[in-house]
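I opened the model to see how the chains meet and how two of the elements are packed. My entries follow.

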Amino acid sequence: MKNTKKWLFLVFVLVLSLSLSLAACSNTSENTSGTKKPSGGDSGEKKNFLIGMSQANLGEPWRVAMNDQIKAAADEYPELKVVFADAAQDNSKQIADVENFIQQKVDLLIISPNEAKPLTAVVKKAYDSGIPVIVLDRKVEGDAYTQYIGGDNKLIGKKAGEFVAKMLGDKGGNVVEIKGLEGATPQQERHDGFLEGISSNPNVKIIAAQNADWLKDKAITVMETMLQANKKIDVVYGHNDPAAEGAYIAAKNANREKDIKFIGIDGLPTPDGGLKAVMEGRLSATYIYPTGGKEAIESAISILEKKEKVEKTVILDTIEATKDNAEQVYKQFGGK
Amino acid sequence: MSAERATVPNVDQNPKKLDVRSILHFLQRFQSILGLIVVVVLASILCVRDGVNLFLNPINLANIVRSVSENGIIAIGMTLVILIAGIDLSVGAILGLTATAAADLMMHKDLGFGSTLVIVLLLGAFIGWLNGIVVTKLSIQSFIVTLATMSIARGVARFWSGGIGIPITYGDEPNLAPPAFSWFAERISGVPVPAICFILLSIIFYIVLKFTRFGRYVYAIGGNETAGHLSGIKVNRIKIMVFIICGVLSAFAGIIHAAQLSQGSPNDGNGYELNAIAAVAIGGTSLAGGIGTIFGTIVGALILGVLDNMLGLLNVDNNLQMVVKGLIIIAAVVLQKSRSNR
Amino acid sequence: MEKNLILQMKGVTKSFGSVTALSEVQLDLKQGEVLALMGENGAGKSTLMNILNGAITVDEGEIFLQGEKLEMNSPLEARKRGIAKIHQELQLVPELSIAENIFLAREPRNKLGFVNFRKMFLQAEEYLEALELQVNPRQPVKNLRVGEQQLVEIAKALSVDAKIIIMDEPTSALSNAEAEKLFTVIRKLKKSGVSIIYISHRMDEIFALADRITILRDGQFIDTVKTTETNLEQLITMMVGRTLTELYPLRQTLIGEEILRVKNLSFSPIDRNKKGLEDITLSLKKGEVLGIAGLMGSGRTELFECLFGMHPRLSKGEILIEEKSVKIKSPEEAIRNGLAFVTEDRKGQGLVPTRSIGENISLPKLKDFSRLMFMSKNKEKNAWKTQMNNLKIKAPSFDSLVSKLSGGNQQKVVIGRWLLTSPKILLLDEPTRGIDVGAKAEIYHLINELASQGMGIIMISSELPEVMGMSDRILTFCEGKQTGEFLREEATQEKLLLSATYKGGREENVS
């Protein structure tokens with residue numbers, strides 16, 4: 001008995017050290033050229049750059065896409081190596097992740113913060129220690145960062161509103177809104193923008209609005225009750241693609257999907273993303289909410305190699321993807 | 001497992017045996033931190049880049065202790081609960097609720113540092129008391145009871161704040177938090193304040209378990225509740241106290257959490273109960289109750305912390321990190337078992 | 001006795017680390033006999049049986065089964081060779097049916113590979129019939145009484161065609177009637193050619209059942225004797241290694257004033273496993289040992305539990321201690337009123353196995369051993385030393401884990417704990433169950449000493465000779481009622497048994 005236990009333990013230790021040394025090896029091998037560089041860092045001589053990317057969580061497909069796009073963009077530059085950390089929606093974990101990157105003396109930090117306030121301090125710490133910081137999507141407070149890249153939710157909401165106003169025409173119609181998470185800024189902005197967009201057409205009415213917390217399964221239940229309560233629904237405005245797709249499933253179950261148009265936001269170039277849904281006709285339109293991954297890498301090159309000063313804030317435009325252009329947009333954003 | 005053997009004449013005919021035993025004993029005691037030593041040595045060797053040791057430098061070590069301290073403080077309370085053969089799943093939710101409460105009380109209700117601290121700790125005590133009362137008086141398993149209070153505490157926190165985090169900004173004007181609160185996020189000559197709190201609480205509860213009557217009661221109840229009851233111990237009262245302590249410690253961790261993040265978010269502390277249980281289990285405390293020490297729990301928490309830090313410094317793939325952590329937990333428990341079987 | 005040898009164990013030696021558990025032990029077993037294996041705890045009986053059962057391997061020595069040399073590495077192999085062990089703690093699955101338990105992992109199957117329940121129940125019925133157990137094999141084992149469960153274990157052994165059945169303290173949890181039934185079964189098995197190795201501390205059983213007796217002491221083989229050619233005195237001498245002048249020492253005591261009076265105590269339990277009590281009235285004097293005889297489930301343990309405040313809401317009646325009426329609503333109050341309760345279930349209710357001897361002794365007295373909230377180790381240590389010396393607890397130190405001690409020493413720890421509270425009334429529930437003869441004698445001496453100091457003692461025991469040997473007065477219990485009272489001089493085994501099995505004189509069998 002005792003022997004089996006010893007063996008078991010040995011095996012565990014072996015597996016552990018193996019996996020660790022593997023990880024460590026992969027790390028050092030890609031940095032072999034880096035070891036030769038002078039650590040003092042006379043400007044202009046650096047050939048290899050280590051970039052730390054701190055992601056808030058990888059539970060959302062959109063954020064997975066962000067990481068993918070960063071990786072794809074960085075692959076274009078062999079001198080860049082990007083390491084990723086996933087905070088799994090935990091602010092404390094993300095702070096530790098950034099601290100780790102500081103310890104590793106990364107050449108540049110990209111962060112998509114889980115929440116603004118809790119991460120402000122640690123981002124400032126990185127910035128103050130001389131690491132350029134690119135903040136993606138959600139902001140941090142103050143101005144202790146090099147560049148902020150983000151989309152404009154209000155603009156997207158407005159474009160969606162205008163699209164609906166035009167589609168329904170003078171006759172107008174009934175719109176239900178499946179919102180994101182209560183209290184989240186993107187939800188507020190996508191809602192406000194949408195109201196602004198439809199204001200030109202007084203006959204477009206929002207007859208119901210409920211939260212689905214960005215989740216497809218929740219959107220199905222929400223839509224089911226809305227279908228029960230409302231005889232006539234013309235348009236579903238989902239605050240993200242999963243919300244719109246969930247609503248589509250509920251409508252299909254009630255055999256009412258033909259009477260309703262579905263609009264989503266995000267437009268991810270993935271097999272389960274909004275662009276595919278538009279191509280396959282489930283959604284009428286989706287609006288690309290850009291991740292900024294590609295732009296972040298381009299900025300990184302400007303900062304690290306070209307030693308250029310970059311703009312403090314970059315707001316990315318959206319693309320309206322309908323049946324006409326969805327396939328092309330899909331390819332443009334690296335969809336396979 | 002407790003203390004070394006005193007020599008009693010006429011018991012051991014063979015004096016040589018005693019020596020062997022005491023060496024074995026020493027090794028066993030040493031074994032409890034063996035896991036930590038292994039992880040630390042691994043980290044020190046592996047985390048070297050460009051001739052610089054990323055792991056063994058004061059800032060990194062301070063970071064580790066700081067990031068461990070919230071889980072560590074909760075795990076101390078969890079140790080007591082598990083020692084009486086219970087479990088407390090509500091600790092993470094209590095942390096979320098108390099962090100939210102602290103932020104709200106200071107930012108919106110204009111309370112000072114002292115009164116906020118007292119109210120928040122009382123809130124934790126109340127939930128702990130609730131856990132204890134239901135577990136003892138209605139004799140429902142603590143797993144179920146605390147699963148319910150977890151949901152309740154989380155719900156109250158979300159309802160209280162409308163589901164979003166409340167940012168904390170410091171200042172002397174109304175609707176700003178008292179600057180004293182930020183002390184919990186500071187460092188004293190390089191040592192983070194949460195780490196100091198963690199160390200102090202560890203010492204206190206080490207003493208409580210080892211040298212007080214209450215500690216004896218806890219071990220007796222965990223080892224054999226009926227025997228304790230028949231020996232005149234007020235079993236229910238002790239159990240309720242243990243749950244209250246766990247609640248208060250979770251609330252304290254909530255305060256530190258709020259100060260660290262400059263915000264009280266009702267969604268924070270998700271899954272912290274499992275981290276705490278992991279630290280306790282790695283530290284050698286038996287989930288069946290009666291066996292375990294605070295020292296072990298501290299070691300367990302540190303193992304988890306060092307591991308997280310090392311894997312991060314090595315940029316190990318996040319998904320792989322979870323695998324490695326799981327393996328470590330099993331390895332630690334295997335080690336623990338081989339020890340208790342001796 | 002000219003039957004052929006079925007099993008021979010020769011020169012069996014086994015060490016655990018530096019401890020020699022068995023040294024050159026021999027044992028032989030004839031077909032169709034009951035061989036008793038005796039010895040004090042730690043004499044090596046269990047080790048020897050574990051070797052025979054394949055659970056541990058020998059260092060040296062040989063085992064021959066029907067002349068063929070045996071090499072076994074697991075209990076499973078032993079079972080296949082026809083050696084089955086009935087464990088002290090029964091190993092049945094409570095939720096499964098009797099038949100399923102008998103055929104566990106060997107269920108008869110039909111062509112499709114599903115369990116053939118009809119066949120299984122039919123076969124199970126056959127075995128149960130052979131054992132004279134009239135129960136439906138379809139009902140779950142948890143519905144059976146302990147004695148019946150034991151028979152199911154035996155049925156399980158028979159179903160694998162066991163030639164040798166090892167029984168380790170099979171009657172420790174049985175009532176006398178259940179034990180009698182077991183004996184009948186054993187005799188029947190014997191006739192059908194099955195050999196039985198029987199381990200027990202109860203002398204009366206050994207003399208009633210065994211053909212021959214093998215005695216071990218300190219891992220050494222002492223002797224094998226025919227039961228008809230030996231006596232109690234001789235056996236004990238061989239087991240203990242010294243003569244015991246008398247197992248139940250006489251006591252010169254002055255019985256004093258009344259210390260406890262119980263009036264019209266009744267108890268109506270909610271728990272189905274507990275027995276109710278009706279109208280119990282008794283009294284106890286200083287220096288008196290009051291014996292309580294009764295079968296398991298007669299309500300004797302429940303009497304102690306009620307006295308000790310364990311069922312405050314479910315019991316009624318008046319308790320007077322030293323002529324003052326007291327209300328006892330919890331064990332804590334019972335202790336304060338000078339009661340002490342040594343429970344029958346040492347492991348389940350008495351000891352905290354995860355803690356040291358010392359901490360176990362201190363348990364009811366922690367308040368007196370602490371200043372403010374902190375334990376005062378010095379005070380405690382003195383008390384521990386005193387108890388360990390007075391009670392002759394054999395252990396390396398008071399810091400040793402209590403779970404590592406032998407049954408006798410564990411019992412001494414429990415008694416030591418209660419003596420520390422200087423009780424006026426000591427309740428002993430089966431104080432010598434499962435402990436060896438040497439320790440038994442020590443406990444008897446202790447009881448006498450305590451009585452002579454003026455303590456009032458009530459002792460429950462299933463062993464009638466023990467009750468008769470130790471008590472000044474004996475009460476009999478049956479089905480929750482008091483059925484008789486005898487003075488030491490007038491009690492006989494027959495009278496006690498009759499009184500303990502017939503409720504209120506009516507011819508109602510309670511087995």
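**Entry 1: chain B against chain C**

I started with this contact in the predicted model. On the chain B side, 26 residues are in contact with 26 residues of chain C. Which elements of chain B give two or more residues to that side? I found H8 and helix H9 (225-230) of chain B. H8(B) gives the most, with six residues. I then sorted the residues on this side of chain B by type: 11 are nonpolar, nine polar and six charged.

**Entry 2: the other chain pairs**

I checked the remaining pairs. Two pairs of chains are in contact, and chains A and B share the most contacts. No contact joins chain A and chain C. The closest C-alpha atoms of chain A and chain C lie 11 Å apart.

**Entry 3: chain B overall, and its confidence**

I counted 13 helices and six strands in chain B. The chain has 342 residues, and buried residues make up 54% of them. I also looked at contacts with a separation of 6 or more: in chain B, residues 24 or more positions apart account for 77% of them.

Next I read the confidence. The mean pLDDT of chain B is 86, and 88% of its residues reach 70 or more. Residues 1-16 of chain B are another matter: the pLDDT there is below 50. Beyond near neighbours in sequence, this stretch has 18 contacts in the model. Where pLDDT is low, the predicted coordinates should not be read in detail. I left the stretch there.

**Entry 4: helix H7 of chain B**

I picked H7(B), residues 193-211, for a closer look. It has 19 residues and reaches 27 Å from its first C-alpha to its last. That is close to the 27 Å expected at 1.5 Å a residue.

Which residues of H7(B) are buried? My list reads B:Pro194, B:Ala195, B:Phe198, B:Leu201, B:Ser202, B:Phe205 and B:Leu209. Seen down the axis of H7(B), these buried residues fall within an arc of 125 degrees, so they line one face of the helix. The spacing suits a general rule. An α-helix has 3.6 residues a turn, so residues three or four places apart point the same way. On the other side of H7(B), I found B:Leu200, B:Ile203 and B:Ile204 exposed.

I then asked what covers the buried residues of H7(B). The cover includes four helices of chain B, H3 (58-83), H8 (213-223), H10 (235-261) and H12 (294-313), along with strand E5 (191-192). H8(B) thus turns up here and on the side of chain B that touches chain C.

**Entry 5: chain A and its strand E3**

I turned to chain A, with 12 helices and 12 strands. Buried residues make up 49% of its 336 residues.

Is E3(A), residues 108-112, enclosed or open? Five of its five residues are buried, so E3(A) is largely enclosed by the rest of the structure. I checked the directions. A:Leu108, A:Ile110 and A:Ser112 point one way from E3(A), and A:Leu109 and A:Ile111 point the other way. In a regular strand the side chains alternate between the two faces of the sheet.

Last, I looked up the partners of E3(A). Strand E1 (residues 49-55) of chain A runs parallel to E3(A), joined by five bridges. There A:Gly52 stands opposite A:Leu109. Strand E4 (residues 133-136) of chain A is also parallel to E3(A), with three bridges. In that pairing A:Ile110 stands opposite A:Ile134.

Methods: Residues numbered from 1 in each chain as written. Chains lettered and ligands numbered in written order. Predicted model: local features only at pLDDT ≥ 70, side-chain atom pairs only at ≥ 80, totals over all residues. Expected span 1.5 Å × (residues − 1). Buried ≥ 20, exposed ≤ 12 C-beta atoms within 10 Å, placed from the backbone. Arc of directions from axis to C-beta. Contact = placed C-beta atoms within 7 Å. Nonpolar A, V, L, I, M, F, W, Y, C, P; charged D, E, K, R; others polar. pLDDT = per-residue confidence, 0-100. Pairing = 2+ DSSP bridges.
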